[in-house]
Amino acid sequence: MAGRINDDDVKAVRDAVPIDAVVSEYLQLRNAGGGNLKGLCPFHDEKSPSFHVSPAKGLYHCFGCQEGGDTVDFIMKLDHLSFAETIERLASQAGITLRYEEGGYTPGRQQGERTRLVEAHKAAAQFYVDQLDGTEAEIARKFLAGRGFDQSAAQHFGVGYSPAGWDHLTRFLRGRGFSDQELVLSGLSQEGRRGPIDRFRGRLMWPIRDIAGEVVGFGARKLREDDNGPKYLNTPETPIYRKSQVLYGIDLAKKEIAKTSRAVVVEGYTDVMACHLSGVTTAIATCGTSFGEGHIKILRRLLMDHSGSEVVFTFDGDAAGQKAALRAFEDDQKFAAETSIAITPGGMDPCDLRLAQGDQAVADLVESRTPLFEFALRHVASRHNLDTTVGRAAALDEAAPIVARIKNSSIQHESAVQLAGMLGILDTQFVVRRVSQLARWARERGREGGRPDQGRPPRRGQAAPPEQTPSAPAPRGPALNLRSPARRVERELLKLALQRPDLVSPAFDAYGADEFTAPPYAVVRQCIEEAGGATAGAADQSYVPRVREAAPDDTVRALVTELAVEPLLTRRDPDEAYAGVQLATVRIAAVDARIADLEGAARRCEAQGDHAGSAAMLQELWVLQQYGKTLRERGAAAL
């Protein structure tokens, strides 16, 4: 049975790894104001960023899909890890040695499965690198040199060599404490007639890293004629490696992709190396599969999907390359970024181009790109006889929907004019109207298609409407709208109490839960009190985590996270005056509600002949009315 990680070590890990540093490994973050950051949510598809991160609070929350939590929650949900595996990974990054209770720590037994598999790959990567210097690996070094890669290039990309024997790596990893079951599960070994043997033998090895930089698989290139296997052999699907969700080189390219808002998609490992060494450091490649949905999601989070971002595909000019380009165009609408294509000359890939013409030729290739829709239009035009009326009409029928799909309306209009000229149609306006009509129909179908989805998860790019925000237990009767104007100030005050307790204390701590009209808000108010109140939180970094721990269930805990991350409703930095308005407004609403209750109760007493009771209520009513008047006149100063 796995030992329990020491609580003090867990706290040390949480404190040592900033949430923005962790999240930035997976997506691009930009300033959201108020000390917060925002980006495209990694948990659902969206066009505009609704995923907010609060470095000061160590929390994140998506206002589109309502996912939220702290650093540990983020890693657990995104990488599907257990709590222990997540703490182990973060501890490794922070250089913290964990202590395990209930019998101590036994390496190889108490780590989580994913952690063990990643550790095995890390050890294997170093093993392969070490083998590249050996006598047997001369064939591998010659291969690299023949493609223009020296020793420093191999080191930069972690390229290695797998010995030709049956079980060199398997025996090495056994010596490091890994079991046969773990080696087979990892894909590094496979079952032989007498036990596990190495999967990769006598090959040049490229480590495949995920976006966080961890080795999760390998790509292996055949070097000898007597190797009967495929030219390239990749790690099989494993618990940590899914080829549809990894991009080779993404760990090296991600920062430059985010910085330049451009990604260059090439076809192979050596092409990525050639591009990076030529200064095109945004190059990435798929790993033995076509570019698809999972790869698009990775790039979209880095590109932030704004209109100025771009994805450039490089393909050979042969038939297979053209087919791949058209397949990429089918996914064009899944990007908000513009998509382009760069056709390599003479059927050369970027690696061959660098060898033949040098680094500058590779950089020039990317700059010579053409919008992908233009390439698609030319392909359509080439398949029809444009010398005949029938041929031109057929080409227009096929090409007009392509132009109608262009996201930028101005480019769409210019492309329609260009299409008319390309097809030889003299009536340019006819083509423009045809394209506009198709685009309008597509928009209308999109709007109509959204109606049956009510009650389902939001579509890509669509934020959940406020009244459907699952921040509170489902009440009986009409849905509770936590963002209604009547409750907006209560929400803002709670946000201040969590984000800037120094501005609302000590006055906030005197407020009762009954001053919050929405039951979920009253529960959050109670959680704040149990965590020591806003006064204690003003000088305590563990304040918000304590409030979250005080939550009675996950629903309330999610609401606390949401309120702690959600931007305040002021464009300027909040100050005491702003906080005072929220404090006074919530108190005035509570006083008005009490006045209404007393007026009704006093009338009922009079009707029942209870004059003494009515008089007492009228006295309290007069006091409250005077207090309400003073609050309206003096604001927070009257609290």
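Me: Hi! How many cavities of 30 Å³ or more does the count come to?
Reply: The count comes to 3 cavities of that volume or more, 30 Å³ being the cut-off. A cavity here is a set of points on a 1 Å grid over the protein atoms alone where a 1.4 Å probe fits but cannot get out. Points are joined across faces, edges and corners, and a volume is the space filled by probe spheres set on the points. Keep in mind that this is a predicted model: local features need pLDDT of at least 70, side-chain atom pairs count only at pLDDT 80 or more, and totals for chains, interfaces and linings use all residues. Residues are numbered from 1 along each chain as its sequence is written, and side-chain values use heavy atoms, with hydrogens and water left out.

Me: What volume does the second largest cavity have, and which residues line it?
Reply: Its volume is about 60 Å³. The lining of the second largest cavity is made of His156, Phe157, Pro207, Arg209, Tyr248, Gly249, Asp251 and Leu252, where a lining residue has an atom within 4 Å of a point.

Me: Which elements give two or more residues to that lining?
Reply: Helix H7 (151-157), strand S9 (203-209) and helix H10 (250-260) do. Helices (H or I, at least four residues) and strands (E, at least two) are DSSP runs, numbered from the N terminus.

Me: How many helices and strands does the protein have?
Reply: There are 27 helices and 16 strands.

Me: New topic: how many aromatic pairs does a search of the whole structure find?
Reply: The search finds 18. Rings of Phe, Tyr and Trp (its six-membered ring) pair if their centres lie within 6.5 Å; planes under 30 degrees apart are stacked, over 60 edge-to-face, and the rest tilted. One of the pairs is Phe127 with Tyr128, which is edge-to-face at 5.9 Å centre to centre and 65° between the planes. Another, Phe508 with Tyr511, is stacked, with 6.4 Å between centres and 10° between planes.

Me: Is Tyr511 buried or exposed?
Reply: Tyr511 counts as buried because its relative accessibility is 3%; buried means under 20% relative accessible area, exposed over 50%, and partly exposed in between (1.4 Å probe, protein chains only). Its partner Phe508 is buried too, at 0%.

Me: What sits over the ring of Tyr511?
Reply: The charged end of Arg587 does, 4.1 Å from the ring centre. The rule asks for NZ of Lys or CZ of Arg within 6 Å of the ring centre and within 35 degrees of the ring normal.

Definitions and conventions
1 Å grid on protein atoms, 1.4 Å probe; cavity = no way out; pocket = protein on both sides within 12 Å on 5 of 7 lines; lining within 4 Å.
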